[in-house]
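Look at the structure shown here and follow the text through it step by step.

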Amino acid sequence: MPSTATGAAAGTGKGAARRRTGRTLGRLAPILPAVLLLASFLLGPILYSLYGSLTNRAMSGYRAASPEFIGLDNYTSLLSDPGFLRSVALTAVFVLASAIVGQNVLGMVLAVLMRHAPRPLPSVVGGIVVVAWVLPEIVAAFACYAFFSSDGTLNAILAALGLPEPSWLLNLPMLSVILANVWRGTAFSMMVYHAALAEVPPDVIESAQIDGAGPFQRFTRITLPMIRRSIATNLMLITLQTLGVFTLIWVMTGGGPGTSSSTLPVLAYQEAFKFSQVGYGTAIATVTLVVGAVFSLVYMRVLRPEVD
């Protein structure tokens with residue numbers, strides 16, 4: 001009798017497990033096409049790029065037709081290449097200054113001001129800022145080039161004010177592309193923070209005000225903690241976007257003068273298509289991809305307590 005009961009319980013357990021498996025597969029079925037598309041158009045190119053970085057493929061010659069597998073030689077060369085190490089430093093400066101500090105802080109400031117400004121002003125300011133974001137990237141890049149060139153708009157304004165007219169793109173290339181990227185991308189942060197601030201309960205702010213908290217205290221101790229998830233999400237998105245900026249820098253400076261504004265995407269393009277070292281350039285692109293993945297993991301780690 002006990003053995004019969006045990007067998008029945010085991011059968012019931014197996015049946016329940018099969019039903020759970022069936023329900024799980026049923027839930028996953030609708031997203032299967034999206035997974036297949038991602039695997040085809042995202043994972044496939046990434047794996048092919050990784051393999052290409054392990055070869056000596058070139059743009060022309062016998063290495064274009066029959067590239068050889070060289071293992072980690074490209075990555076070993078990168079670590080001893082002063083140009084690559086300089087590019088890593090320039091990329092870090094570009095991402096930190098134009099995204100984490102520039103776009104993030106300015107976007108927050110604009111969002112706060114728009115919530116407290118008189119009624120017509122937020123719409124006007126928001127429209128002006130969003131224009132830079134909705135422009136096609138190539139159009140925005142040429143606009144920035146025209147603004148920062150030696151005979152461009154910025155120097156014309158400085159000349160009218162009687163101030164010196166520096167050659168921005170020659171003497172200050174990194175500052176020029178940083179300011180251009182801040183102008184280009186601030187609208188996204190502004191819209192994210194404007195929506196996040198709208199979700200902060202007004203009664204919480206009013207209670208803090210009644211308790212004697214000043215505007216700065218209310219903002220730093222109440223508002224910022226309540227929207228920290230939006231801050232982390234925004235930082236992740238603008239960091240990854242800025243890490244891959246190519247067109248803006250290429251149009252404005254071409255990575256120059258010399259290599260003074262060659263970030264990792266620009267250096268990868270130069271090595272692959274200017275110097276015909278496709279395998280070496282692909283290795284640089286792969287490193288850029290890994291850096292972006294590291295940033296994503298860090299930000300996801302920050303977001304995890306909020307999700308759980």
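Confidence in this predicted model is lowest in α1, at a mean of 63, and highest in helix α14 (residues 247-252), at 94. Across the protein, the pLDDT averages 85, and 92% of the residues score at least 70.

Helix α1 is a place to start on the surface. Arg19 lies in this helix. Together with Arg18, Arg20, Arg23 and Arg27, Arg19 forms a positive surface patch.

A second patch on the surface is nonpolar. Its members are Leu25, Leu28, Ile31, Leu32, Val35 and Leu36, which together have about 550 Å² of accessible area. Which helices each supply at least two residues of this patch? They are α1, covering residues 2-28, and α2, covering residues 32-52. The helix that gives the most is α2, with 3 residues.

Leu32 is a member of the nonpolar patch and is located in helix α2. Is Leu32 buried or exposed? The relative accessible area of Leu32 is 47%, so this residue counts as partly exposed. The reason is that buried means under 20% and exposed means over 50%, with partly exposed in between.

The same scale can be applied to another residue. Met174 sits in helix α10, which spans residues 173-198. Met174 has a relative accessible area of 12%, and therefore it is buried. How far apart are Met174 and Arg115 in sequence and in space? In sequence they are separated by 59 residues, and in space by 33 Å, taken from C-alpha to C-alpha.

Methods: Residues numbered from 1 in each chain as written. Predicted model: local features only at pLDDT ≥ 70, side-chain atom pairs only at ≥ 80, totals over all residues. Heavy atoms only, no water. Patch = residues over 30% accessible without salt bridge, like charges linked within 9 Å, V, L, I, M, F, W, Y side chains within 5 Å. Areas by Shrake-Rupley, 256 points an atom, 1.4 Å probe, with all protein chains shown as cover. Salt bridge = Lys/Arg side-chain N within 4 Å of Asp/Glu carboxyl O. Helix = DSSP H or I, 4+ residues; strand = E, 2+ residues; numbered from the N terminus. Buried < 20%, exposed > 50% of the residue type's maximum accessible area, 1.4 Å probe, protein only. pLDDT = per-residue confidence, 0-100. Lys, Arg positive; Asp, Glu negative; His and termini not counted. Charge placed at Lys NZ, Arg CZ, Asp CG, Glu CD.
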